[in-house]
Amino acid sequence: MQTQLTKSIECTNGSTIFLCPNANGVKSLPLSAEEKEFAEARLSGDCRICRIQHLEAETFIAVPKCGTGEPLQKHDLQKTAVNIYSKLTEHSDCAEVAVKSLLGRNLTLAFVESLILSDYHFDRYKSKKDHRIGKILLCCDKIGESDISELNNLCESIACARDWVNEPIMQLNAEKFGDILKAEAEKLGAKATVLSQHQIEALKMGGILGVNRGSKDEARFMILEWAHPKAHNDKPIVLVGKGIMYDTGGLNIKTGNYMNDMKSDMAGAATMAGAFLAAVRNNLPVNLKVLIPATDNRPNGNAYANGDILTMYDGTTVEVVNTDAEGRLILADAIAYANQYNPQVIIDAATLTGAAERAIGKYGIVAMHQDAGKEMQELVSSGEDVYERIAEFPFWEEYGELIKSDVADIKNSGTGVCAGMITAGKFLAHFAKAPFIHLDIAGVAFADKKYEFYGTSATGFGIRLLYNWLKTI
Ligand code: BES
Ligand code: ZN
Ligand code: ZN
């Protein structure tokens, strides 16, 4: 069950977090004179968080500050929330916490959002469940019921996406993922179509079929649609997510530890489906479609091999030079399929290249665009706003030279070792006949060490960014 945020008029006598704009704010808190004096003394120094036992309950009084001395940013509140969450759950096993905020609406929402996201745990397969708070009461007159339900819906969608990524391949293959997405979307009144292996064959989606050859499981192609009657965009926005349910590398098998986290290779699909669910749950006035090609990539008897030439959905022929560059093959069919909708923009999210991760690490998304300068700018600023940042990379035409093939139209990996994330993007852009943005989330999708409220394992990184952008459409 996802952690729930509820509006509350009064704080309870349980664990409480007080958020104050400055140490003076402490005067108005419902604490004893001694407690206030103690807190004021602590908070007037460098200390930003003061912890007391009020009526035997863990109580935190926080005066968040901006590191640079500038006005408070949402990110300062995100960090404060992560800090308090770890202190609060370190020793106590409280099952409810009240937040009383004297800060403004946006800062308060950023704080509770981070608390909820920090409270996510993937413990489905543990006999002894992890402790979680589960319930957060918010006492702040600047925040209404609609803000609360919007945030709950967003966080619930992020939790779903993180669950899907955390599920191992044995528990979640392409077929099951299709069933789950269809059920979730239809439950909310959205349209969902899942194309079967036969339908994918009939459509001649050579990229998906090529990668799927080594798998015992069938491939799936999911189409989720949300057309709000008062949608602000005429032409649909099409989100495409890489749904490699597990990436062994295929015949170019991943060695050493490189295969360990590859259940997360469908994080792009989870990100797009998560953003979709959040938009639908919150009834956003948008015309939105999500396309998810899904299969695993394995070196079985009939697996596709280097030298093979695939004929893609749009007729392009592709020479396979590395079976581990499989994501772009399934995405290419989905991007080509997206063209029929005459979209305003096609955006894909994919754990596509180790090169993206090596370039900027876990701190942001690597992005490129083709004829989508406006939307790219909007996504960048949406990312700055929610602190899920995007680094735009060059997309010069010369990079396209690196994927030319001697025997087919293009090949699935670039010549040489340079700019792997850009040549991968060029490969995808080849199939787009509408403005196109590529988001490589390989660095951010899955954390091996705890990182802020993203925790360990699946992070859900990118869903808040996309949702925040969809709200501006
Ligand atoms: N799924 C991987 C990329 C990846 C690496 C995601 C690390 C998350 C963390 C992708 O399919 C892949 O294997 N890419 C290759 C491409 C190469 C063979 C051209 C890579 O990046 O090494
Ligand atoms: Zn791969
Ligand atoms: Zn992959």
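A molecule sits in a pocket if more than half of its atoms lie within 2 Å of the pocket's grid points. That is the sense used in these close-ups of a predicted model.

**Figure 1. Ligand 1 in its pocket.** Ligand 1 sits in the largest pocket. Its shell holds 16 residues, and the closest are Asp247, Lys254, Asp265, Asp324 and Gly354. Sorted by character, the shell has eight charged, five polar and three nonpolar residues.

**Figure 2. Polar contacts of ligand 1.** Here we look at individual atom pairs. The side chain of Asp247 places an N or O atom 2.9 Å from an oxygen atom of ligand 1. The side chain of Glu326 likewise has an N or O atom 2.9 Å from an oxygen atom of the ligand. With Thr351, the contact comes from the backbone: an N or O atom there lies 3.4 Å from a nitrogen atom of ligand 1. Taken alone, ligand 1 exposes 520 Å², and the protein buries 78% of that.

**Figure 3. The zinc ion (ligand 3) and its donors.** The protein offers this zinc ion Lys242 (NZ), Asp247 (OD), Asp265 (OD) and Glu326 (OE), at 2.0 to 2.5 Å. Along the chain, the donors follow the spacing K-x4-D-x17-D-x60-E. Why is the arrangement octahedral? Six donor atoms surround the zinc ion (ligand 3), and the angles they subtend run from 77 to 173°, which makes it so. For six octahedral donors, the ideal angles are 90 or 180 degrees.

**Figure 4. Two zinc ions and a shared aspartate.** The zinc ion (ligand 3) and the zinc ion (ligand 2) are 3.2 Å apart. Asp247 coordinates both of them, and the side chain of Asp247 also appears in Figure 2 as a contact of ligand 1.

Note on methods: Residues numbered from 1 in each chain as written. Chains lettered and ligands numbered in written order. Predicted model: local features only at pLDDT ≥ 70, side-chain atom pairs only at ≥ 80, totals over all residues. Heavy atoms only, no water. Near = heavy atom within 4 Å. Polar contact = N/O pair within 3.5 Å; in protein donor to acceptor, adjacent residues only side chain to side chain. Areas by Shrake-Rupley, 256 points an atom, 1.4 Å probe, with all protein chains shown as cover. 1 Å grid on protein atoms, 1.4 Å probe; cavity = no way out; pocket = protein on both sides within 12 Å on 5 of 7 lines; lining within 4 Å. Nonpolar A, V, L, I, M, F, W, Y, C, P; charged D, E, K, R; others polar. Donors = N, O, S within 2.8 Å, 3.2 Å for Na, K, Ca; no water. Tetrahedral: all angles 85-135°; square planar, octahedral: opposite > 155°, others 65-115°.
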